[in-house]
Amino acid sequence: FYQEFYQRSQMEQDTIIMSLIYVERLVKATNGLLCPSPQNWRSILFSCMVLASKVWDDLSMWNSDFSNVSAATAGLSSFTLARINQLELALLKALNFDVRVP
């Protein structure tokens, strides 16, 4: 899942690390109320990958592009443009829009 989406969306290598940092921050910001589980890990990881790409990649794709990539990637067909927008906004709000990594 992770590798397939990473390769298809042509993300830069540091995006992998940054997305995992965002997952960790999300868990901390919600005091553990929102943490990866068998039901939500794809949504959490996907939204953190999209955010990391937008913040850290020099040439990031648009959400519509991520939606097209997810439609062509096994296990990602549930990520429509509307769902990606919803996940991204929820993630940013949970992180208080603080996407900096010192």
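This section describes how helix α4 packs in a predicted model. Local features need pLDDT of at least 70, side-chain atom pairs count only at pLDDT 80 or more, and totals for chains, interfaces and linings use all residues. Residues are numbered from 1 along each chain as its sequence is written, and side-chain values use heavy atoms, without hydrogens and water.

Helix α4 spans residues 63–71. Helices are DSSP runs (H or I, at least four residues), numbered from the N terminus. In α4, Asn63, Phe66, Ser67, Val69 and Ser70 are buried (under 20% relative accessible area, 1.4 Å probe, protein chains only). Seen down the axis of α4, these residues fall within an arc of 165°, so they line one face of the helix. The face turned away carries Asn68 and Ala71, both exposed (over 50%). The cover over the buried residues includes α1 (2–8), α3 (41–56) and α5.

Helix α5 covers residues 81–94. The axes of α4 and α5 lie 9 Å apart, at an angle of about 120°. That makes α4 oblique to α5 (outside the ranges under 35, over 145 and 65 to 115 degrees). The contact (heavy atoms within 4.5 Å) joins Asn63, Ser64, Phe66 and Ser67 of α4 to Leu81, Ile84, Asn85 and Glu88 of α5.

The axes of α3 and α4 come within 12 Å and cross at roughly 135°. That makes α3 oblique to α4. From α3, the contact uses Phe46, Val50, Ser53 and Lys54; from α4, Asn63, Phe66 and Ser70. Asn63 and Phe66 of α4 thus appear in the contact with α5 and in that with α3.

Terms used:
Axes fitted to C-alpha atoms, helices over the stretch in contact; angles between N-to-C directions. Helix = DSSP H or I, 4+ residues; strand = E, 2+ residues; numbered from the N terminus. Arc of directions from axis to C-beta.
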